[in-house]
Amino acid sequence: MPRALVPVVCLLIAIISTAALARTPNHAEDWNGAEINWRDARSGIYESSQTGRPVIMVFHATWCSVCKRFREIFKDPGIVAASRDFVMILVDGDAEKELNGAFSPDGVYVPRTLFIDSEGNVSDKLVGADPQYPHSLAVDRPDELLALMKKAHGVFNMTPKTSPPATSGADRT
C-alpha cells in the first residue's frame, strides 16, 4: 500500500469504528425513539462536532413522574420535524452521573433540556421561563420547546432542514 494512503485508511477505520459505537440510548423508545433519532452522549457529541449541528440534550430519570409527562411532548409532529435539525441526545441522569454533573450549569434536576453548540458550549439564550430552573421546560405542551427549537436557528445560525421549498417568481400570484 502506498504510504500516502495509510493516513486515509486509518481515518476511515476510525470513522467506521466510531460510527459502530453509535447506539440508541436506554429508554429512547419511551421518548418516541421510533420517530426521533436519539443518540447516546458519546456518539451524539461526536456527530455534532463533525456536522456542525447543535445538540439538544435531555436529562431524565426513570423514577421521575414529571419526566414521564415531558416525554409525551416528543410525540408532537412539530417537535418530531424540528428535531431533524439537531443532534438529539437522551441522558438518564441516574445511570450517567458523571455526564449529568458535567452538563449542569444550574443543577442536576430532571427533566433538564440543554441546547449546546457543536463546540460543546451550553447556550444561555435558549432557556425556559422558570428563573430558578431555566433548563426546565413546560412538560404538558410542546409550545415552549418548539419555540426554543425555532429560536435556536438564529442563535446557532442554522439553516433548517425542515424549511419548506422556496417558491420561484413564476409561482407567485
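## A walk through the chain, starting at Ser123

Let's begin in a loop: Ser123 sits between strand 4 (112–116) and helix 6 (143–155). Please keep in mind that the model is a predicted one. Although it belongs to a loop, Ser123 has a relative accessible area of 8% and therefore counts as buried, the limit being under 20%. A polar atom of the Ser123 side chain lies 3.3 Å from the backbone nitrogen of Leu126. Beyond four places in sequence, Ser123 touches Phe115, His135, Val155 and Phe156.

Now step back to the whole chain. It holds 6 helices and 4 strands, arranged along the sequence as α-β-α-β-α-α-β-α-β-α. Of its 173 residues, 38% count as buried. Among contacts with a separation of 6 or more, 71% join residues 24 or more positions apart. The exposed surface comes to about 9,900 Å², with 55% supplied by carbon and sulfur atoms.

Phe115, one of the residues touching Ser123, also leads us into the interior. The largest nonpolar core has 41 residues, and Phe115 joins Trp38, Met57 and Phe74 as those with the most contacts inside it. Strand 2, helix 3 (65–70), helix 4 (77–83), strand 3, strand 4 and helix 6 each contribute at least two residues to this core. Take Phe74: setting aside neighbours within four places, its contacts include Trp31, Ile36, Trp38, Val58, Met88 and Leu145.

Helix 2 (residues 41–51) is our next stop. Its buried residues are Ala41, Ser43, Gly44, Glu47 and Ser48. Residues three or four places apart in an α-helix point the same way, because each turn takes 3.6 residues. The buried residues of helix 2 pack against strand 1 (38–39), strand 2 (55–60), strand 3 (87–92) and helix 5 (97–102). Just after the helix comes Gly52, with a positive phi near 80°.

That brings us to charge. Side chains of opposite charge can pair when their charged atoms come close, and the whole structure has 6 salt bridges. In one of them, Arg53 pairs with Glu47, the closest N and O atoms being 3.2 Å apart. Both partners are buried, Arg53 at 19% relative accessible area and Glu47 at 17%. Lys75 and Glu72 form another salt bridge, at 3.0 Å; here Lys75 is partly exposed at 44%, as is Glu72 at 40%. Arg141 and Asp143 are also paired, at 2.9 Å, with Arg141 exposed at 52% and Asp143 partly exposed at 41%. Finally, salt bridges with shared partners link Arg39, Glu47 and Arg53 into one network.

Definitions and conventions
Residues numbered from 1 in each chain as written. Predicted model: local features only at pLDDT ≥ 70, side-chain atom pairs only at ≥ 80, totals over all residues. Heavy atoms only, no water. Buried < 20%, exposed > 50% of the residue type's maximum accessible area, 1.4 Å probe, protein only. Polar contact = N/O pair within 3.5 Å; in protein donor to acceptor, adjacent residues only side chain to side chain. Contact = heavy atoms within 4.5 Å. Core = buried A, V, L, I, M, F, W, Y, C linked by side-chain atoms within 4.5 Å. Areas by Shrake-Rupley, 256 points an atom, 1.4 Å probe, with all protein chains shown as cover. Salt bridge = Lys/Arg side-chain N within 4 Å of Asp/Glu carboxyl O.
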